[in-house]
Amino acid sequence: MSSEGKPPRPPRARRSDGDRLRSALLALAEHRAQILTHSEKAWASITFAGTRHSLSLLFAGEEAIEAGERFIAALPDHEFTLPGQLVADAAIGEVEHRLLPSPRLVVQCELLLLADA
């Protein structure tokens, strides 16, 4: 217990670069998407180091699909603000659009994050 009679606060979990990227993508998706999968893999060249991220986002319902279509158009040129990271590449890899049994759009995207020195 602290001197004020309250139990100590547990330490805050530190947000990873992947957490920040997922938050930024959901904001770009107008919070109308659900992240189905996210994988990341270390990446390096002679001069740069970073991570390659592959994500699958689900947009379910008419309004979400409209947001998904705006997401697809905006992602490649979007200026991300991620502390300590530079988004060197952002691309749509695959899009699956279904109308039945209910409207849904699944978007696969790939992003390369480089450590900002």
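**Exercise 1. Charges.** Count the positive and negative side chains of the protein chain, and state how far apart the centres of the two sets lie.

*Solution.* The protein chain carries 13 positive side chains. Its negative side chains number 16. The centres of the two sets are 10 Å apart. Keep in mind that this is a predicted model.

**Exercise 2. Fold order and spread.** List the elements of the protein chain from the N terminus on. Then decide: is the chain a compact globule or more spread out?

*Solution.* Start with the count: two helices and four strands. Their order is α-β-β-α-β-β. Next, take the radius of gyration, which is 18 Å. The globule rule gives 13 Å for 117 residues. The value of 18 Å is well over that, so the chain is more spread out than a compact globule. Now add the spans of the C-alpha trace along its principal axes: about 60 × 45 × 20 Å. Finish with burial: 29% of the 117 residues count as buried.

**Exercise 3. Two positive phi values.** Where do E30 and H31 lie, and is each one buried, partly exposed or exposed?

*Solution.* First, locate E30: the loop between α1 (17-28) and β1 (34-44). H31 has its place in the loop between α1 and β1. Second, read the angles. E30 has a phi of about 60 degrees, positive although E30 is not a glycine. For H31, also not a glycine, phi is near 55 degrees. Third, use the accessible areas. E30 has a relative accessible area of 35%, so it is partly exposed. H31 reaches 60%; exposed means over 50%, so H31 is exposed.

**Exercise 4. A cis bond.** Which residues does a cis peptide bond join?

*Solution.* The bond links L100 and P101, with omega about 0 degrees. P101 sits in the loop between β3 (85-98) and β4 (104-115).

Terms used. Residues are numbered from 1 along each chain as its sequence is written. This is a predicted model: local features need pLDDT of at least 70, side-chain atom pairs count only at pLDDT 80 or more; totals for chains, interfaces and linings use all residues. Side-chain values use heavy atoms; hydrogens and water are left out. The radius of gyration is taken over C-alpha atoms; the globule rule is 2.2 Å times the number of residues to the power 0.38. Buried means under 20% relative accessible area, exposed over 50%, partly exposed in between (1.4 Å probe, protein chains only). Lys and Arg count as positive and Asp and Glu as negative; His and the chain ends are not counted. The place of a charge is taken as NZ of Lys, CZ of Arg, CG of Asp or CD of Glu.
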